[in-house]
Amino acid sequence: MAVPRTPLGRPLVGFVCWVLVHHLVMVTACPEAYFGQLMNELCLTKFKLDMEEIEKELWCDWDQTVKSYREVTNCTYLIAEKLDCYWPNHQVNDFFLAIHRHYFQDCPATGRILKDPPSNILCPFIIAPILVTLLGTALVVYKSQRNEGIVVQQIG
């Protein structure tokens, strides 16, 4: 029994499998070049504008940058979803590495500017131990001056 062949002489079963795989890959494949272009045009452009509004000295202050960072993250996610791409993927990782190299390279590891807490939080932590120490000292002095209630037995 002869194996059915295509007009080009290839086995028909192999050709059908190749066509199905090709169409499946073409339908589910992420258009990476277009994905990268959209991330740069839509997400990065908006992020750059947002960061220009913030003083460069405040780029490491998470409270100042969190909104812009969330927006750029959501932007990349939505583009990936619309183009049927995986998220995150190597392009998204490279995209964020470039953002971090440019905007956040001089930031401390915590991502925040190190500063003292507000006074309403700091003061109780300073005043409470001082008051406890003074109260304890006063109690010891008070008890040492009062001999009432102490029974002294004389031996003899």
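Where in α2 is the kink centred? The kink in α2, of about 30°, is centred on Leu44, where the bend at a residue is the angle between axes fitted to the seven residues ending there and the seven starting there. The structure is a predicted model, in which local features need pLDDT of at least 70 and side-chain atom pairs count only at pLDDT 80 or more, whereas totals for chains, interfaces and linings use all residues. Residues are numbered from 1 along each chain as its sequence is written, and side-chain values use heavy atoms, with hydrogens and water left out.

Helices are DSSP runs of H or I with at least four residues, numbered from the N terminus. Helix α2 covers residues 32-53, 22 residues in all. From its first C-alpha to its last, α2 reaches 31 Å, close to the 32 Å expected at 1.5 Å a residue; the expected span of a helix is taken as 1.5 Å times one less than its number of residues. Helix α3 (62-82) has 21 residues, which should span 30 Å at 1.5 Å a residue, and the 29 Å between its end C-alpha atoms agrees with this.

Residues are classed by relative accessible area: buried means under 20%, exposed over 50%, and partly exposed in between (1.4 Å probe, protein chains only). In α2 the buried residues are Phe35, Gly36, Leu38, Met39, Cys43, Leu44, Phe47, Asp50 and Met51. Leu44, at the centre of the kink, is thus listed among the buried residues of this helix. The cover over the buried residues of α2 includes α3 and α4 (90-103). In α3 the buried residues are Thr65, Val66, Ser68, Tyr69, Val72, Thr73, Thr76, Ile79 and Ala80, and their cover includes α2 and α4. An α-helix has 3.6 residues a turn, so residues three or four places apart point the same way.

Ser68 gives one example of how α2 and α3 meet. This residue is found in helix α3 and is buried, with a relative accessible area of 8%. Apart from neighbours within four places in sequence, Ser68 is in contact (heavy atoms within 4.5 Å) with Phe47 and Asp50. Both Phe47 and Asp50 appear among the buried residues of α2.

A search of the whole structure finds three disulfides, a disulfide being a pair of cysteine sulfur atoms within 2.5 Å. With bonded cysteines counted along the chain, the disulfides follow the pattern 1-5, 2-4, 3-6.

One disulfide joins Cys30 to Cys85, with an S to S distance of 1.8 Å. The link of Cys30 and Cys85 is right-handed, with 85° about the S-S bond. Cys30 lies in the loop between α1 (12-28) and α2, and Cys85 in the loop between α3 and α4, so the pair ties together parts that are 55 residues apart in sequence. Cys30 is partly exposed, at a relative accessible area of 23%, whereas Cys85 is buried, at 11%.

Another disulfide, between Cys43 and Cys75, has an S to S distance of 2.0 Å. The link of Cys43 and Cys75 is left-handed, with -85° about the S-S bond. This pair connects distant parts of the chain, with Cys43 in helix α2 and Cys75 in helix α3, 32 residues apart. Cys43 counts as buried, at 2% relative accessibility.

Cys60 and Cys107 also form a disulfide, their sulfur atoms 1.9 Å apart. The torsion about the S-S bond of Cys60 and Cys107 is about -90°, so the disulfide is left-handed. Distant parts of the chain are linked by this pair: Cys60 is in the loop between α2 and α3, and Cys107 in the loop between α4 and α5 (119-145), 47 residues apart. Cys60 is buried at 14% relative accessibility, and Cys107 is buried at 18%.

The loop between α3 and α4 has further backbone features. Asp84 lies in this loop, just after α3. Asp84 takes a positive phi of about 60° although it is not a glycine, and counts as exposed at 52% relative accessibility. Pro88 is found in the loop between α3 and α4 as well, and a cis peptide bond, with omega about -5°, joins Trp87 and Pro88.

Methods:
Helix = DSSP H or I, 4+ residues; strand = E, 2+ residues; numbered from the N terminus.
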